[in-house]
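Subject: Structure handover

Hello,

Please find the structure below, sequence included. My notes on it follow.

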Amino acid sequence: MLKHFIKPLDRYVFSEFWKIFVATALGFPLLLIIIDLTDNIDTYLGRNLGAGRIALSYLYGLPESMFLVLPAAVLFATVFSIGGFTRHSEIAAAKASGISFYRLIAPLFAGALLATMAGLVIGEMAPHSSKRKLELLETKKFSGSSERYNFAFAGDGGRVYKVGSLHVTNRAIDGIVIERRGTGPAYPTYVVTGTNAAYTAPKGWVIRRGTMHIVPDSMTNVTFSFDSLTDRKFVEKPTELTASPKAPAEMDFRELGRFITALERSGSDVNNLRVERMLKIAIPVTCIVILLFGAPLATSTQRGGAAYGIGISLATTVVFLMLIQLTKAFGAKGFMSPELAAWIPSIVFTVAGVILMKRVQT
């Protein structure tokens with residue numbers, strides 16, 4: 001039954017769209033690879049990395065680049081395929097045969113849907129492949145440090161550790177504060193302040209010469225001093241504490257969700273992370289939205305040919321990226337829901353696309 005619905009014209013339209021889409025989706029990342037390799041080749045050779053290892057690392061880096069470029073690839077494919085149909089009077093011929101503009105571009109929506117599905121898959125692959133890329137390039141090995149100052153991290157059970165200075169060689173910490181937000185007398189809030197701490201395996205960190213404030217409720221505060229104290233949840237090795245915190249791009253959707261939950265328990269501001277998490281879904285869905293917006297614009301590309309199509313594509317991409325950055329800032333500052341902030345660019349382009357679609361002569 002599907003064969004009767006899919007006409008030769010559908011296959012032609014889809015193939016024209018898909019050829020441009022694949023070329024753009026792979027071409028942009030390859031261009032970025034060439035630029036990055038040119039800038040960093042001396043660094044990689046200084047680490048005695050072989051050509052095969054460098055090439056493999058960039059292969060693992062492709063998903064991250066492709067994830068961000070997919071909406072732009074759909075836009076370029078839409079503008080150039082429909083622009084080509086318009087310039088060669090193929091759209092006029094289709095209309096003369098009783099085929100509406102909406103029916104003609106139906107295969108393009110199928111292509112955009114496939115691009116959306118690919119984006120969701122690539123978005124989950126990218127953090128893991130990027131990690132492998134860093135391992136191959138030995139980035140962390142050459143960026144490590146034996147000292148770290150004034151940092152904090154979220155631990156298990158809602159604990160937040162604030163460290164004044166970490167000395168990896170001596171396995172020591174100078175100035176440490178541990179905070180845990182409780183829920184009541186059975187699980188009270190407490191704050192531990194220590195002068196220093198030392199690490200011994202397998203016991204973990206032993207905090208010395210400090211005070212502990214226990215706050216079971218708003219009316220009670222118990223304080224006592226100690227010579228030494230061991231937090232059984234604080235078992236990270238000194239070298240593990242020198243690692244830089246993961247960026248949102250280095251975590252998949254579920255991993256980022258768990259990270260946000262842990263930070264929320266510690267009272268941290270996670271609005272920016274919530275925007276980034278929702279963008280992992282919103283950006284792939286934009287592939288469909290951008291087609292809805294770009295298709296009616298592409299019917300006018302015969303005015304300036306390829307140059308006009310490139311101009312429309314680049315201008316739309318720049319406006320869309322600027323809108324994402326603007327709404328991300330609003331969401332991060334709490335001016336609107338972080339999740340809504342991630343979807344506003346798509347909503348704006350959807351509304352604009354619907355208006356433009358209604359003005360197209362079908």
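Helices (H or I, at least four residues) and strands (E, at least two) are DSSP runs, numbered from the N terminus. This is a predicted model, in which local features need pLDDT of at least 70 and side-chain atom pairs count only at pLDDT 80 or more, while totals for chains, interfaces and linings use all residues. Residues are numbered from 1 along each chain as its sequence is written, and side-chain values use heavy atoms, with hydrogens and water left out.

Strands and loops

Arg159 belongs to strand β2. Its relative accessibility is 10%, so Arg159 counts as buried (under 20% relative accessible area; exposed is over 50%, partly exposed in between; 1.4 Å probe, protein chains only). Thr189 is 30 residues from Arg159 along the chain, and their C-alpha atoms are separated by 9.9 Å.

Two arginines have backbone angles to check. Arg171 is not a glycine, yet has a positive phi of about 55°. This residue is in the loop between β2 (159–167) and β3 (172–180), and with 42% relative accessibility Arg171 is partly exposed. Arg209, also a residue other than glycine, has a positive phi near 50°. Arg209 is part of strand β5 (residues 204–217) and is partly exposed at 48% relative accessibility.

Ala201 is located in the loop between β4 (189–200) and β5. With a relative accessibility of 58%, Ala201 is exposed. From Ala201 to Val235 the C-alpha distance is 8.6 Å, against a sequence separation of 34 residues.

Helix packing

Axes here are lines fitted to C-alpha atoms, for helices over the stretch in contact, and angles run from 0 to 180 degrees between N-to-C directions. The axes of α2 and α3 cross at roughly 140° and come within 5 Å. The two helices, α2 and α3, are therefore oblique to each other (angles under 35 degrees count as roughly parallel, over 145 as roughly antiparallel, 65 to 115 as roughly perpendicular and the rest as oblique). The crossing of α2 and α3 is right-handed (near helix turned clockwise from the far one by less than a right angle; left-handed if anticlockwise). In the contact of α2 with α3 there are 26 nonpolar, four polar and two charged residues. For these classes, Ala, Val, Leu, Ile, Met, Phe, Trp, Tyr, Cys and Pro count as nonpolar, Asp, Glu, Lys and Arg as charged, and the others, Gly among them, as polar.

Helix α3 also packs with helix α6 (residues 106–136), at an angle of about 160° and with the axes 8 Å apart. That makes α3 and α6 roughly antiparallel. Their contact, α3 with α6, has 17 nonpolar, eight polar and five charged residues, and the crossing of α3 and α6 is left-handed.

With helix α9 (residues 271–298), the axis of α3 crosses at roughly 15°, the two coming within 8 Å. Helices α3 and α9 are therefore roughly parallel, and their crossing, α3 with α9, is right-handed.

In helix α11 (residues 338–359) lies Ile347, which is partly exposed with a relative accessible area of 45%. Ile347 and Thr286 are 61 residues apart in sequence, with 9.4 Å between their C-alpha atoms.

Aromatic rings

A pair of aromatic rings is described by the distance of the centres and the angle of the planes. There are 15 aromatic pairs in the structure (rings of Phe, Tyr and Trp, the last by its six-membered ring, with centres within 6.5 Å). One of them, Tyr12 with Phe85, is tilted, at 5.7 Å centre to centre and 40° between the planes (under 30 degrees is stacked, over 60 edge-to-face, the rest tilted). This pair links distant parts of the chain, 73 residues apart: Tyr12 in helix α2 (residues 8–46) and Phe85 in helix α3 (residues 51–87). Tyr12 is partly exposed at 33% relative accessible area, whereas Phe85 is buried at 6%. Phe14, Phe17, Trp18 and Phe21 make up one aromatic cluster.

There are also charges over rings. The charged end of Arg180 sits over the ring of Tyr187, 3.9 Å from its centre (the criterion is NZ of Lys or CZ of Arg within 6 Å of the ring centre and within 35 degrees of the ring normal). The charged end of Arg277 is placed over the ring of Phe253, 3.8 Å from the ring centre.

Regards
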